[in-house]
Amino acid sequence: MMKVLVTVKEVAEVEEDFVLDGTRIDDRFLEYDLNEWDDYAIETAVQLAEAGDDVEVVSATIGPERCEETIRMALAKGVDRGIRVWDDTLASVDLLDVNAKTEIFNAIIAEEEPDLILTGVQAHDDSFGATGVSVADAAGYEWAAVVNALDLDADAGVAHVRRELEGGVEELTDVELPAVLTIQTGINEPRYASLRGIRMAQRKEIAQQTLDDLGLDEGAVESQITLTDMYEPESESDVELFEGDADAAAASLASVLREKGVGAQ
Amino acid sequence: MLDYVGLEADLDSEERMVRDTAREFVEKEFKPIVGEHYIDGTFPTELIPKLGELGFYAPNLDGYGLPGLSETAYGLLMQELEAGDSGLRSMASVQGALVMYPIYAYGSDEQKEQWLPEMGTGETIGCFGLTEPEHGSNPSAMETYATKAGNEYVLNGSKTWITNSPIADVAVVWARDRSAENTPVRGFLVETDRDGVSTNKIDEKLSLRASITGEIGLQNVHIPKENMLPGVSGMKGPLSCLTQARFGIAWGAVGAARDCFETAREYATDREQFGGPIARFQLQQEKLAEMATQITTAQLLAYRLSELKERGEMTPQHVSMAKRNNVRMARDQSRIAREMLGGNGITADYSPMRHMANLETVYTYEGTHDIHTLVLGQDLTGIAAFE
Ligand SMILES: Cc1cc2nc3c(=O)[nH]c(=O)nc-3n(C[C@H](O)[C@H](O)[C@H](O)COP(=O)(O)OP(=O)(O)OC[C@H]3O[C@@H](n4cnc5c(N)ncnc54)[C@H](O)[C@@H]3O)c2cc1C
């Protein structure tokens, strides 16, 4: 029996035109959706479950009741059950930082003891990009970040992974289980939930847990980071369109590059 | 997305998920390719098993691997599919409501076991043969007939305007049983690879181009007698299937009209003439206001129809009113949307003219607008104008 835990997050997407209200964006301009990276992590987990004989996939999220639909979509795609952590303390926290998330997921890991944890590389909204690795460190698990290919040898307890490094370099690594892998987009093609899956998902469990249930208190979510300002950076862009056939366009491009000093001796 | 009086806010979570999945699928997998298929006069057949995997065929039926969703969820699915193209919704309507439904409702256990699972996944494609070259609005005058010969039936006749017949593995053929008293109309499951079956394609359609249409020719076609649908006799058979499909059309038309509206609204706010967006002109605003109002009232009718269907109180006449109203609405409004797009509106780069041309078919098939008028007229006066 193998257990895979997938952390998922419902992220806010900002509409094209929005208004800032201090350090927040008004709810009117936000739409909520599953974090893109997590969709790939879910697909990875579900594929493992389909390939193995006895694999349980559990999803965990931190978020208000609104998120249930997002989790249910994961259940519809093949996740077996979900855990959602929320309470008044969490609701009153302004900024849930990486440490806070680490504490919470660590408590879940202690209870669930998964063999493999899959997270997204980053969340589309706050983009800390650190939760996965931080959780591994706290739980004492091995880890690999920015994984874009996975070949799991469950019997040997090893995950053969390919990682995407800077500048187009890729690395092949073997990671011993239990481990955390942060999943990169493009590792697979996330499926659509089927209507049969949606039907079945209505009967799957989403367990709600409070900090108290997890043996944590307010201290766990206190943050050393404060959000001090939020503004739209001024952006300036110049666009020059090259007309004509390939030859003419290439000639214009070359002269622009020369003017800018590219390729100068 | 237009939902002016917030009807979708009252959907349950399952229904919302169905809507979102269908909407995303149409947006990402279908809209990018439909324009080209429309111009080429082809259906993206590679999507047929994919639609099955997603459970888009007869999801309101239960058992045989089918999800058994609510009627509203089914309606929402049809709405989202037709926002893509009436041809896409037709694919799902024919497979689900016109072929799987009669097998489900009137088939033997063996027929259900044999056909429903593989039709649900899209491995097997079905078509529905009712219309004949000489009998469209009055199908009860059909000439196609079956005669019993030992353990077989022998079928003769021809059907036309049959959606998907050229790609179908099996046809539900409605024919008069000449071996029975009063030659009742019966349903027969005819595998299209049997001797004597031909399925010529109808080319050069100017409407519903992204959908395959053909004929069914039957010349001394022998089928085992077990291929007859045992559970229904008379015109109730085909008509009850049509009631199912028309229910989906009443919803689908809202989707097509909504797609036209959203396209026109976006275009009007982007397109600048006389120094600003054309959406600032009262003439254009009136068009959007009217379109939104018409779509919303049609949407209300579709929701109410679902409630009645869920309770088992929906009558064929209710469906006639909704099909008649909603398709006319979509046909009229798609034309307004087209006109708001100016010259761009006549290209396949934008959806309104494609929807507009499609809706000519939708206005005509599944009972023409006129015929539904007569159905309502009969219901309201007690006098049938068509007998
Ligand atoms: C693209 C496409 C796909 C189709 N798919 C299928 C399919 O899968 N299976 C299937 O069986 N059929 C299918 N049909 C056929 C469709 O159902 C028929 O075209 C429809 O029933 C009308 O029949 P008809 O074309 O013979 O027109 P007719 O019945 O000849 O009607 C012509 C005109 O006369 C009017 N009219 C007829 N009777 C009366 C009356 N009593 N009073 C007043 N006006 C009247 C009609 O409203 C119409 O305007 C399809 C049609 C199209 C175009």
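This dialogue reads an interface, one glycine and a ligand shell in a predicted model.

Trainee: What should I know about the model and its numbering?

Mentor: In this predicted model, local features need pLDDT of at least 70 and side-chain atom pairs count only at pLDDT 80 or more, while totals for chains, interfaces and linings use all residues. Residues are numbered from 1 along each chain as its sequence is written, and chains are lettered from A and ligands numbered from 1 in the order in which they are written.

Trainee: How many residues does each chain bring to the contact?

Mentor: Two residues are in contact if their C-beta atoms, placed from the backbone, lie within 7 Å. Here chain A gives 12 residues and chain B gives 16 residues. On the chain A side, helix H2 (68–76) and helix H6 (195–201) each supply at least two residues. Helices are DSSP runs (H or I, at least four residues), as are strands (E, at least two), numbered from the N terminus.

Trainee: Is B:Gly68 buried, exposed or partly exposed?

Mentor: Count other C-beta atoms, placed from the backbone, within 10 Å: 20 or more is buried, 12 or fewer exposed, in between partly exposed. B:Gly68 has 14, so it is partly exposed. B:Gly68 sits in the loop between strand S2 (66–67) and helix H3 (71–84) of chain B. Leaving out residues up to four places away in sequence, B:Gly68 touches A:Arg199, B:Leu61 and B:Asp62.

Trainee: Which residues come nearest the ligand?

Mentor: A residue is near a molecule if its C-beta atom, placed from the backbone, lies within 6 Å of it. Of 20 residues around the ligand, B:Leu130, B:Gly136, B:Ser137, B:Thr368 and B:Asp370 come nearest.
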